[in-house]
Amino acid sequence: MAQQPVTVTVTGAAGQIGYALLFRIASGQLLGSDTPVRLRLLEIPQAVHAAEGTAMELEDCAFPLLRSIDIFDNASEAFSGTNIALLVGARPRSQGMERADLLEANGGIFKPQGEAINAGAADDVRVLVVGNPANTNALIAQAHAPDVPAERFTAMMRLDHNRALAQLAKKLNVSVNDIRKLTVWGNHSASQYPDIFHAEVNGTTGAKAVDDQAWLENDFIPTVAKRGAAIIEARGASSAASAANAAIDHVYDWVNGTPEGDWVSAGVPSDGSYGVPEGLISSFPAVSRGGRWEIVQGLEIDEFSRERIDASVRELSEEREAVAKLGLV
Ligand code: NAD
Ligand code: LMR
């Protein structure tokens with residue numbers, strides 16, 4: 001029997017991630033090669049015309065799975081009936097802007113979007129927040145969607161996960177396919193902690209295979225954690241194709257399940273696991289089963305990892321306190 005179309009809403013559709021993402025969604029890479037999609041694009045009024053240009057190009061690809069494209073400058077309409085919401089559009093930090101100002105400006109975007117998802121999205125809606133600060137923006141949207149199960153709000157940590165996989169594979173001169181069970185913990189920020197102690201590489205752990213503490217501390221961890229800034233410095237713009245690729249990976253795995261014998265990193269609401277305060281949207285080792293993310297349990301966390309996880313989680317707690325003061329959560 002032919003599959004029913006799935007409605008996917010993408011915000012910030014005229015931006016650079018939007019441009020790298022939409023064609024992959026329409027070609028079937030987000031949900032699978034037999035799932036038709038209806039696209040609903042949300043932009044600010046000034047960028048709607050640019051989004052129309054992208055829609056013309058999407059049409060010109062004649063993708064067999066693409067059933068419709070609608071463009072809105074209004075969140076209520078954009079999220080009406082949506083099954084998958086990719087919240088990409090956000091307010092970037094401008095020069096001289098304090099963190100509290102950035103959080104407040106993003107509150108002005110993610111609060112109404114959460115409300116619109118609550119009011120009109122499909123019952124099975126799944127939300128991935130990409131726009132920065134992604135974890136706390138996800139928390140804001142979630143707080144304004146009380147009728148949607150909290151676990152449906154996630155933040156993108158898959159780019160960090162993929163970056164860590166690539167750096168470790170390069171160091172060990174192996175394929176990324178040879179590495180399993182790598183984890184990035186915490187916040188999508190420079191405080192994140194890529195953990196190779198539980199990673200498996202050809203019958204040993206990532207840390208043993210590397211056997212180089214100096215590289216781990218002074219090269220691997222900072223390279224992964226500061227990769228976003230390095231790309232901005234080199235490209236003059238933040239990562240776009242790799243961010244879109246990670247969004248595809250996250251949603252594909254959420255819907256279709258993660259491979260047996262492996263896990264990925266996902267920003268999901270904490271249930272208190274590993275000492276992360278309940279409710280924070282923090283990155284964990286996670287598997288997807290039956291369309292739901294589950295935090296992998298029972299990993300031994302040594303002192304080295306504990307310190308780093310705690311530091312990143314502390315930053316998330318501070319962000320939550322800051323948006324609570326603004327009345328956003
Ligand atoms: P961009 O500036 O090219 O595009 C952002 C788009 O969002 C713009 O077209 C803008 O008009 C739109 N927009 C702004 N406010 C909106 C609103 N209220 N509703 C709908 N659309 C709105 O930026 P980009 O390079 O596409 O990046 C988007 C976001 O993703 C940024 O916040 C960036 O920092 C973040 N990002 C996150 C990750 C991650 O791993 N989580 C990685 C890369 C980038
Ligand atoms: C990234 O990790 O590439 C981005 O989050 C960087 C940014 O600040 O947009």
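The following conversation introduces a predicted model and the surroundings of its two ligands.

User: What does the model score, and what is the average pLDDT?
Analyst: The model scores ipTM 0.99 and pTM 0.98. The protein averages a pLDDT (the predictor's confidence in each residue, from 0 to 100) of 97. In this predicted model local features need pLDDT of at least 70, side-chain atom pairs count only at pLDDT 80 or more, and totals for chains, interfaces and linings use all residues. Residues are numbered from 1 along each chain as written, chains are lettered from A and ligands numbered from 1 in the order written, and side-chain values use heavy atoms, without hydrogens and water.

User: Which residues are around ligand 2?
Analyst: Asn 132, Arg 163, His 188, Gly 228, Ile 232, Ser 238 and Ser 239 are around ligand 2, each with a heavy atom within 4 Å of the ligand.

User: How far is an oxygen atom of ligand 2 from the side chain of His 188?
Analyst: An N or O atom in the His 188 side chain is 2.6 Å from an oxygen atom of ligand 2. For Arg 163, the side-chain N or O atom is 2.7 Å from a ligand 2 oxygen.

User: Turning to ligand 1, how many residues surround it?
Analyst: Ligand 1 is surrounded by 23 residues, with Gln 16, Ile 17, Glu 43, Val 130 and Asn 132 the closest. A side-chain N or O atom of Glu 43 is 2.5 Å from an oxygen atom of ligand 1.

User: Which domains contribute to that shell?
Analyst: Domain 1 (6–155) and domain 2 (157–322) each give at least three residues to the shell around ligand 1; the bounds come from an automatic or database domain assignment.

Notes: Polar contact = N/O pair within 3.5 Å; in protein donor to acceptor, adjacent residues only side chain to side chain.
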